[in-house]
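Q: Here is a structure to work through by asking what its labels rest on. Each answer should set a value against a definition and conclude.

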Amino acid sequence: MDNGIKLYVVVPCYNEEAVLPETSKRMLDLFDTMKRDGLICEDSRIVFVDDGSKDKTWSTIDSLAKAYPEIAGIKLARNAGHQNALFGGLMTVKHDCDCAISIDADLQDDINVIPEMVKHYIDGYDVVYGVRNKRDTDTFFKRTTAVGFYKLMQFMGVNIIFNHADYRLMSKRALNALSDFPERNMFLRGMVPLVGYRSTSVYYDRNERFAGESKYPLKKMLSFAFDGITSFSISPIRMISALGAIVCVIAVIMAVYALVEKLMGNTGAGWASLMMSIWFIGGVQLLSVGLIGEYIGKMYKEVKRRPRYIVEAYVNETDSKERSEEVTENV
């Protein structure tokens with residue numbers, strides 16, 4: 001530890017050309033400070049992962065890597081999605097580092113807690129979660145839905161860290177353990193706690209996005225949340241079974257009530273109640289079939305075992321390029 005640990009910071013990028021120069025500048029300044037303090041060694045790297053961007057993200061990464069030896073780049077052959085791009089970057093660097101930190105490129109997560117993360121690693125923690133202190137920078141809608149999502153996930157029995165996204169440190173052995181998870185439906189916030197090694201958290205205030213636009217509009221956020229729930233919990237299926245049982249009980253009660261009313265001669269036309277019952281039962285059935293279909297669709301993706309990502313190019317790599325075939329074939 002006298003010369004510092006070998007730290008890799010993995011940064012997934014999708015159409016981030018506007019923010020990359022500032023992100024790299026701040027990260028390089030932080031690296032210089034950590035090297036002077038003896039926390040990290042000279043071979044530490046900042047690894048940008050281009051997730052099939054449509055703008056000049058890759059050419060920006062290429063230029064930065066040629067200008068600074070601390071910066072490396074990985075280019076995916078197509079847009080694999082944030083979780084797959086992040087996983088691909090981590091799996092590419094896990095052989096080369098003592099630990100790796102994942103962080104988004106938009107500078108919303110406070111990089112100044114990275115030294116604290118590294119100190120926790122030195123103290124023996126394999127996973128260090130970056131957790132937000134508060135959500136003052138979020139809109140009321142986003143704050144409410146985010147809190148509701150975490151509470152719903154916990155209600156569903158998913159072990160998830162409240163107010164933690166994908167800002168975390170993982171040791172080499174934690175990364176190796178994560179590589180043993182074979183699923184294609186990636187939800188790293190739920191997968192990492194399953195590794196089970198010693199963990200702790202650091203807390204920070206989230207900043208405004210430095211530049212560019214959010215890559216998670218409402219539609220993507222809802223899709224991400226739904227993927228997380230259906231990838232880590234079968235509670236929705238059980239809830240459908242419970243709902244079905246409740247509806248059956250109600251149906252029996254209504255049948256008895258209708259028979260009694262019929263025998264007493266109090267029945268009327270009943271068109272409205274009949275239509276409401278048909279539409280209600282039909283809606284429940286369609287919703288149930290759709291949710292079950294979602295689980296079947298996930299199983300369909302799993303059994304095909306297609307690669308989560310394919311690496312097209314590297315820039316300024318260490319010994320990762322020698323493992324490019326391993327990365328693309330064994331995922």
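A: Start with a term: contact means heavy atoms within 4.5 Å. By contact, helix α4 (residues 114–122) lies across β1, β4 (99–102), β5, β6 (164–171) and β7. Its direction runs at about 45° to that of β6. The model is a predicted one.

Q: What covers the buried residues of α4, and which residues are they?
A: The buried ones are I114, P115, M117, V118, H120 and Y121. Buried means under 20% relative accessible area. The cover includes β1, α1, β4, β5, β6 and β7. Just after the helix, G124 takes a positive phi of about 110°.

Q: What makes β7 and β8 (311–315) edge strands?
A: Take the sheet first. Eight strands form an open sheet in the order β7-β5-β6-β4-β1-β2-β3-β8, with mixed pairing. β7 and β8 each pair on one side only, and that puts them at the edges. From one strand to the next, the twist averages 20°.

Q: How do you know that β5 (residues 127–132) and β7 pair?
A: Two strands pair if at least two bridges are found between them. Six bridges join β5 to β7, so the definition is met. The two run parallel. One bridge sets Y129 against S201 in β7.

Q: How do you know that β2 (residues 45–50) and β3 (residues 71–76) pair?
A: Five bridges join β2 and β3, and the cut-off is at least two, so they count as paired. The sense is parallel. F48 has G73 in β3 as its bridge partner. Helix α1 (residues 20–36) packs on the sheet, touching β1 (7–13), β2 and β3. The direction of α1 makes about 160° with that of β2.

Q: Which residues of β7 (residues 199–204) lie on the covered face, and which on the uncovered one?
A: T200, V202 and Y204 are on the covered face. S199, S201 and Y203 are on the uncovered one. In a regular strand the side chains alternate between the two faces of the sheet.

Q: What is T200 in contact with, beyond its neighbours within four places in sequence?
A: T200 is in contact with H120, Y125, V127, V128 and Y129. H120 is 80 residues away in sequence, yet the C-alpha to C-alpha distance is 7.8 Å. The contact itself rests on heavy atoms within 4.5 Å. Across the protein, take contacts between residues at least 6 apart in sequence: 82% of them join residues at least 24 apart.

Q: Why is the pair E42 and K35 called a salt bridge?
A: The closest N and O atoms are 3.6 Å apart. A salt bridge needs a side-chain nitrogen of Lys or Arg within 4 Å of a carboxyl oxygen of Asp or Glu, so the pair qualifies. E42 is exposed, at 57% relative accessible area against a cut-off of over 50%. K35 counts as buried, because its value is 15% and the limit is under 20%.

Q: What makes K35, E42 and E70 a network?
A: Salt bridges link them. K35 also bridges to E70, with the closest N and O atoms 3.5 Å apart. E70 lies in the loop between α2 (57–67) and β3 and K35 in helix α1, so this pair ties together parts 35 residues apart in sequence. E70 counts as buried, at 16%.

Q: How do you know that D50 forms a salt bridge with K75?
A: Their closest N and O atoms are 3.6 Å apart, and the limit is within 4 Å. The pair links distant parts of the chain: D50 in strand β2 and K75 in strand β3, 25 residues apart. D50 is buried at 1%, and K75 counts as buried at 16%. The whole structure holds 10 salt bridges.

Q: Why is M239 called partly exposed?
A: M239 has a relative accessible area of 43%. Buried is under 20%, exposed is over 50%, and partly exposed lies in between, so the label fits. M239 sits in helix α9 (residues 235–263). With L152 and F155, M239 makes a nonpolar surface patch of about 320 Å². Patch residues need over 30% relative accessible area, so M239 passes at 43%.

Technical notes
Residues are numbered from 1 along each chain as its sequence is written. This is a predicted model: local features need pLDDT of at least 70, side-chain atom pairs count only at pLDDT 80 or more; totals for chains, interfaces and linings use all residues. Side-chain values use heavy atoms; hydrogens and water are left out. Buried means under 20% relative accessible area, exposed over 50%, partly exposed in between (1.4 Å probe, protein chains only). Helices (H or I, at least four residues) and strands (E, at least two) are DSSP runs, numbered from the N terminus. Patches are made of residues with over 30% relative accessible area and no salt bridge: like charges are joined within 9 Å, nonpolar side chains (Val, Leu, Ile, Met, Phe, Trp, Tyr) within 5 Å. Accessible areas come from the Shrake-Rupley method with a 1.4 Å probe; for residues, only the protein chains shown count as cover. Axes are lines fitted to C-alpha atoms, for helices over the stretch in contact, and angles run from 0 to 180 degrees between N-to-C directions.
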